[in-house]
Amino acid sequence: MINEKNKDVICAAPWMHLYIHPNGIVYPCCTGSVEYGKTSDTNSIKNVWHSDVAQKFRKELLAGKKQSGCKFCYNQEEHIGYSLRTSLKEQYGHLISSDLTPNMNIKYLDIRGSNLCNMACIMCGSEYSSKWYDAEIALGSNENNSFKSLKISDTVKKDILTDIINDTLEIVYFAGGEPLIIPYHYEMLDYMIKNDYAKNIELRYNTNLSTLKYKSVDLLKNWSSFKNITLSPSIDMIGEQGEYHRYGSKWNDIINNLKKVKNKMPNAIIEPQVTVTSLSIGYLPELLNFFIKELDFTNNDIINVNLGIWPSKLNPQHLLPDIKEIYIKKLQNFLNKTSQAELCSSVISPSLDFLTNKDCDQNEFFEMINYLNEIDKIRKTNWKELWPEIWKHRCNK
């Protein structure tokens with residue numbers, strides 16, 4: 001059902017993929033904003049899968065109508081050349097059909113069991129991290145009146161085990177919160193192992209990789225039961241800057257866990273997830289050197305790039321021209337000298353393209369400055385010492 005009219009718009013997600021948010025709302029994927037509906041004791045995942053919104057979404061994609069809820073993927077494609085949409089279309093495009101109410105034979109499940117997290121990353125919020133709640137209250141920014149603790153209901157848990165985990169499921173993607181400290185993550189692993197589904201399922205994780213321990217569970221042993229494991233550790237910068245960007249992290253712990261997985265898990269693939277913000281973009285060279293020198297990354301490895309569109313105040317496009325110029329020169333010089341040009345170009349080139357694609361919005365830039373200053377008051381940190389070039393040039397309007 002992919003044709004010339006819809007090929008640049010259509011996505012396989014509505015026919016084979018689900019993203020379940022901890023609040024019970026079901027989406028076609030994690031990057032889109034199309035809400036199929038909210039689950040409840042009387043509204044099952046199957047009902048939501050066949051909702052009017054879901055049917056309309058499938059119909060408009062088939063007709064080649066561009067979706068406002070899919071702009072994240074469209075943006076990724078413009079600057080990086082690929083997205084979740086293109087990936088799913090390539091792997092599962094054959095499942096796209098004219099059926100607007102297809103059977104719920106999910107191939108790829110994206111599950112966020114809870115917002116429980118041990119970090120409060122600078123670009124995140126309480127919807128995805130319980131650690132952010134108190135800071136949002138202090139900042140007066142808890143606009144959505146979100147709860148500190150958010151987790152999927154027992155009804156949704158049951159629906160997942162009975163209606164989604166079966167012989168047709170191929171991929172389970174865990175994120176959070178931090179999936180490696182969320183209890184339901186381990187319930188699902190146990191269920192898949194005990195019912196002999198694990199050997200045919202690939203597990204994928206977006207994780208801060210701050211820990212590999214959970215109570216008495218031997219996580220590495222559990223992982224060995226699955227077809228393979230793909231870890232996308234969220235690492236944007238190294239050392240103190242990395243600890244500031246992903247507040248609550250301990251850089252040495254992350255290094256040790258990365259090396260432990262690499263050395264002890266032959267069925268594990270490590271594909272870091274780098275979020276490019278105003279704070280991280282200028283320090284991509286240091287990060288890439290770490291991957292190359294400490295983890296032996298080569299041009300054959302994959303590093304995923306998440307361009308920081310949200311929150312807008314941390315979008316690198318809004319950096320002042322003088323700061324952009326410093327970072328552009330630094331990134332270009334690094335790219336010209338690195339021994340792993342293909343690997344580094346996959347991160348640097350789209351980041352540069354994104355950075356220079358739009359002029360600075362000074363209001364957004366100074367909102368970032370105020371935001372970081374307020375965060376520092378709460379956390380007793382000092383961003384100015386870590387990014388002196390931004391602080392120095394803040395008055396060069």
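**Exercise 1.** Work out which residue pairs with Glu4 in a salt bridge, and how exposed each partner is.

*Solution.* Start with the criterion: a salt bridge needs a side-chain nitrogen of Lys or Arg within 4 Å of a carboxyl oxygen of Asp or Glu. Glu4 finds its partner in Lys7, at 3.0 Å from N to O. Next, sort them by relative accessible area: under 20% is buried, over 50% exposed, and partly exposed lies in between (1.4 Å probe, protein chains only). Glu4 has 64%, so call it exposed; Lys7 has 30%, so it's partly exposed.

A quick word on the model: it's predicted, so local features need pLDDT of at least 70 and side-chain atom pairs pLDDT 80 or more, while totals for chains, interfaces and linings use all residues. Numbering runs from 1 along each chain as its sequence is written, and side-chain values use heavy atoms, leaving out hydrogens and water.

**Exercise 2.** Place the salt bridge between Arg246 and Asp236: buried or exposed partners?

*Solution.* First, the distance: 2.7 Å, N to O. The pair links distant parts of the chain, with its residues 10 apart. Then the accessibilities: Arg246 is buried because its relative accessible area is 11%, and Asp236 is buried too, at 2%.

**Exercise 3.** Find the network that contains Glu60.

*Solution.* Begin with Glu60 and Lys65, whose side chains form a salt bridge at 3.5 Å, N to O. Glu60 is buried at 14%, whereas Lys65 is partly exposed at 46%. Now add Lys56: salt bridges with shared partners join Lys56, Glu60 and Lys65 into one network. For the whole structure, the tally is 14 salt bridges.

Notes: Helix = DSSP H or I, 4+ residues; strand = E, 2+ residues; numbered from the N terminus.
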